[in-house]
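Here are a few exercises to work through with the model open on your screen. Try each task before you read its solution.

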Amino acid sequence: MRLRDELPVDHPLNRVYRIGAALCGLLLLLFGCLGFADSLSSFDTDGQRIAGLSTNGMLSTISVVFGLLLVIAALIGGNVASSVNIAVGVLFVGSGFLHLFLIGRPGNVLDFGLSNVVFSFLMGLLIMTFGMYGRVSGGLPHDNPYWRRRHPDRAARETAGRPRVGPGPAAARPAQLPRR
């Protein structure tokens, strides 16, 4: 199964993708702008805190870039917003794992602390949830109307090969239990 086969073109949950992308993007923009307001240096790791998260100028820049990306995806909407949400969510979760390893090491140039790691995990899962909501499932049965709408050609082939069940002499009689 390919992911693109499960992504309908015009899904009624388009608003969920757009609103989710916009809210998360605005939150990241706010965090980044607050970092710029404190005039942080780019790679300073001395523990400046904004909204309970340690930050520096580089992390503020990254937050603004990803915030703008999510807001632009929300303006475009549709599968673009959903796909961008999924990709950004995966990047956030991956960043959380990477920075969990880097805490207390010289490679921690973004000044991540444990609160940043938890925020990265939660924000990544939230953004991925907004992106996948209603689009990715655990495998719907072929008689499900959502599956039939996503795969109209395969549904038509399966319906054509099946005998029609309807009112008739066999359907009018009540079912009898098999005899022993």
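The exercises below go from the overall fold to single residues, and the model used throughout is a predicted one.

**Exercise 1. The overall layout**

Task: Find how many helices and strands the protein has, and write down their pattern along the sequence.

Solution: Start by counting the elements: the protein has seven helices and two strands. Next, read along the sequence, which gives α-β-β-α-α-α-α-α-α. Then turn to burial: 35% of the 180 residues count as buried. Finish with the contacts between residues at least 6 apart in sequence; 69% of these join residues at least 24 apart.

**Exercise 2. The length of a helix**

Task: Check whether the span of H3 agrees with its 25 residues at 1.5 Å a residue.

Solution: The expected span is 1.5 Å times one less than the number of residues. For the 25 residues of H3 this comes to 36 Å. The end C-alpha atoms of H3 are 36 Å apart, so the two values agree. Now look just past the helix: Gly104, just after H3, has a positive phi of about 80 degrees.

**Exercise 3. The nonpolar cores**

Task: Locate the largest nonpolar core and say which helices each supply at least two of its residues.

Solution: First collect the members. The largest nonpolar core has 11 residues, among them Cys24, Leu28, Leu70, Val88, Phe92 and Ile127. Next, assign them to elements: helix H1 (14-37), helix H2 (57-76), helix H3 (78-102) and helix H4 (114-132) each give at least two residues to this core. A second core, separate from this one, has seven residues, including Ile50, Leu59, Leu110 and Phe112. As background, nonpolar side chains in soluble globular proteins tend to be buried together.

Then zoom in on one member of the largest core, Leu28. Leaving out residues up to four places away in sequence, Leu28 touches Ser63, Val64, Phe66, Gly67, Leu70, Phe92 and Phe119.

**Exercise 4. Val64 and its partners**

Task: Is Val64 buried or exposed, and which residues does Val64 touch beyond four places in sequence?

Solution: Place Val64 first: this residue lies in helix H2. Its relative accessible area is 16%, so Val64 is buried, since the cut-off is under 20%. Beyond four places in sequence, Val64 touches Leu28, Leu29, Gly32, Cys33 and Phe36. For a distance check, take Val64 and Phe31: they are 33 residues apart in sequence, and their C-alpha atoms are 7.9 Å apart in space.

**Exercise 5. The largest pocket**

Task: Describe the volume of the largest pocket and the classes of residue in its lining.

Solution: Begin with the volume, which is about 280 Å³. The lining has 16 residues, and those nearest the pocket centre are Leu59, Ile62, Phe92, Ser95 and Phe112. H1, H2, H3 and H4 are the elements that give two or more residues to the lining. Sorted by class, the lining holds 11 nonpolar and five polar residues, with no charged ones.

**Exercise 6. Two buried polar residues**

Task: For Ser120 and His99, list the contacts that lie beyond four places in sequence.

Solution: Take Ser120 first. Ser120 sits in helix H4 and counts as buried because its relative accessibility is 2%. Its contacts are Phe92, Val93, Ser95, Gly96 and Phe112. Now move to His99, which is in helix H3. With a relative accessible area of 7%, His99 is buried. His99 touches Asn108, Leu110, Phe112 and Val117. Comparing the lists, Phe112 appears in both.

Methods:
Residues are numbered from 1 along each chain as its sequence is written. This is a predicted model: local features need pLDDT of at least 70, side-chain atom pairs count only at pLDDT 80 or more; totals for chains, interfaces and linings use all residues. Side-chain values use heavy atoms; hydrogens and water are left out. A nonpolar core is a set of buried Ala, Val, Leu, Ile, Met, Phe, Trp, Tyr and Cys residues joined through side-chain atoms within 4.5 Å. Buried means under 20% relative accessible area, exposed over 50%, partly exposed in between (1.4 Å probe, protein chains only). Helices (H or I, at least four residues) and strands (E, at least two) are DSSP runs, numbered from the N terminus. Contact means heavy atoms within 4.5 Å. On a 1 Å grid over the protein atoms alone, a cavity is a set of points where a 1.4 Å probe fits but cannot get out, and a pocket is an open set with protein on both sides within 12 Å along at least five of seven lines; lining residues have an atom within 4 Å of a point. Grid points are joined across faces, edges and corners, and a volume is the space filled by probe spheres set on the points. Ala, Val, Leu, Ile, Met, Phe, Trp, Tyr, Cys and Pro count as nonpolar, Asp, Glu, Lys and Arg as charged, and the others, Gly among them, as polar.
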